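Trainee: Please take me through a close look at the aromatic rings here. Start with a charge placed over a ring, then follow the links outward.

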Amino acid sequence: MDISLFDFELPEELIAQSPAKVRDESRLLVIDKDKKCYEDKIFHDIVDYFKPGDVLVRNNTKVLPARLFGEKEETHAHVEVLLLKNIEGDIWECLCGNAKPIKVGSIISFKNGLLKAKCLEVKDEGIRIMEFLYDGIFLEILNEVGNMPLPPYIKKQCEDNSRYQTVYAKTLGSAAAPTAGFHFTEQLFEKLKAKGVEVLDITLNIGLGTFKPVKEKTVEEHKMHSEHFMMDEETANKLNKAKEEKRRIIALGTTATRTLEAIMQKYHKFVACEEDTAIFIKPGYKFLAIDALITNFHLPKSTLIMLVSAFMGREFTLECYKHAIDNKYRFFSFGDSMFIYGSKD
């Protein structure tokens, strides 16, 4: 498939630069993928589309202040470093801006040496394996030195960093937020639970695999980077029970979707595990785990719009996106949302 099949024209003014004033008052496009119809709602209306017995699975990862600005000690060249994945101890996989000067042995200094990083290995596409050097507690120093890793299309830092976290963020380790969850409030979760909806947590620490742009000419040439995920035994048992009882499993976001599908694809049931996945969900993929999906509006030619296209069809996805553009929906991380379900379920 040519990558241009997933392209669309998006006016720049529709790229949301800040979150909605109230989380659950963003807009919501509710989509029946079987009947090929949709309706415009406000996000808090989503409660009306849940049924007693539904299971909502959310990614409880918490974003690290993982964006660091420093300089190479030998030359004082400015360097940007984004922590992607903890390999072990103080060793991290990082994405480096201005990466070419960073060789094995190079030392980057952040905030006058409060934190340093030594390059251990050079990889392709600006990836470096770095060992961090410091005195004290790493996360405390990172909170002082680091910035929230907002996507490049957002032009300024949040006034309130908590708005680049979900209200249920718990497990620290992501280089980006599971943005579909931004629309939920604690009160909304309480309403869902009161309706008989089961809310379960998994963890996928978001790295380059989720937001890496597709540069190849065809979809098949693109290689996903792996990301680390976890599911505990209690969650696995509850999900298997829901499957047996033919209750809907609703994924809150593409990262929850990828976690659930990766486990089902490998084990053919839900199991407690802690692994890496590089699953690439694109048109032609047969969904094994989820019955419905809550997700934001994604970048043109991204792996995320390919996942959505796999779930509800490429042409219908682009039709829904056109409706959103024509009706001035807000796009990307701080933008509006879709709830996609199948009426045949």
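Mentor: Begin with Lys282: its charged end sits over the ring of Phe280, 4.6 Å from the ring centre. A charge sits over a ring if NZ of Lys or CZ of Arg is within 6 Å of the ring centre and within 35 degrees of the ring normal. This is a predicted model, in which local features need pLDDT of at least 70 and side-chain atom pairs count only at pLDDT 80 or more, while totals for chains, interfaces and linings use all residues. Residues are numbered from 1 along each chain as its sequence is written, and side-chain values use heavy atoms, with hydrogens and water left out.

Arg27 also has its charged end over a ring, that of Tyr329, at 3.9 Å from the centre. Tyr329 belongs to an aromatic cluster. Its other members are Phe8, Tyr153, Phe297, Tyr321, Phe331 and Phe332.

Now the ring pairs. The whole structure holds 23 aromatic pairs. Rings of Phe, Tyr and Trp (its six-membered ring) pair if their centres lie within 6.5 Å; planes under 30 degrees apart count as stacked, over 60 as edge-to-face and the rest as tilted. Take Phe287 with Phe311: their centres are 5.1 Å apart and their planes meet at 75 degrees, so the pair is edge-to-face. Phe287 lies in the loop between β15 (273-277) and β16 (292-296), and Phe311 in helix α6 (residues 303-312), so the pair ties together parts 24 residues apart in sequence. Helices (H or I, at least four residues) and strands (E, at least two) are DSSP runs, numbered from the N terminus.

Are these two rings buried or exposed? Phe287 is buried at 17% relative accessibility. Phe311 is buried too, at 8%. Buried means under 20% relative accessible area, exposed over 50%, partly exposed in between (1.4 Å probe, protein chains only).

Next, the cysteines. A search of the whole structure finds zero disulfides, a disulfide being a pair of cysteine sulfur atoms within 2.5 Å. Why is Cys37 unbonded? The closest cysteine sulfur, in Cys320, is 9.3 Å from that of Cys37, too far for a bond. Cys96 is in no disulfide either; the nearest cysteine sulfur, that of Cys94, is 5.8 Å away. Cys37 is partly exposed at 37% relative accessibility, whereas Cys96 is buried at 6%.
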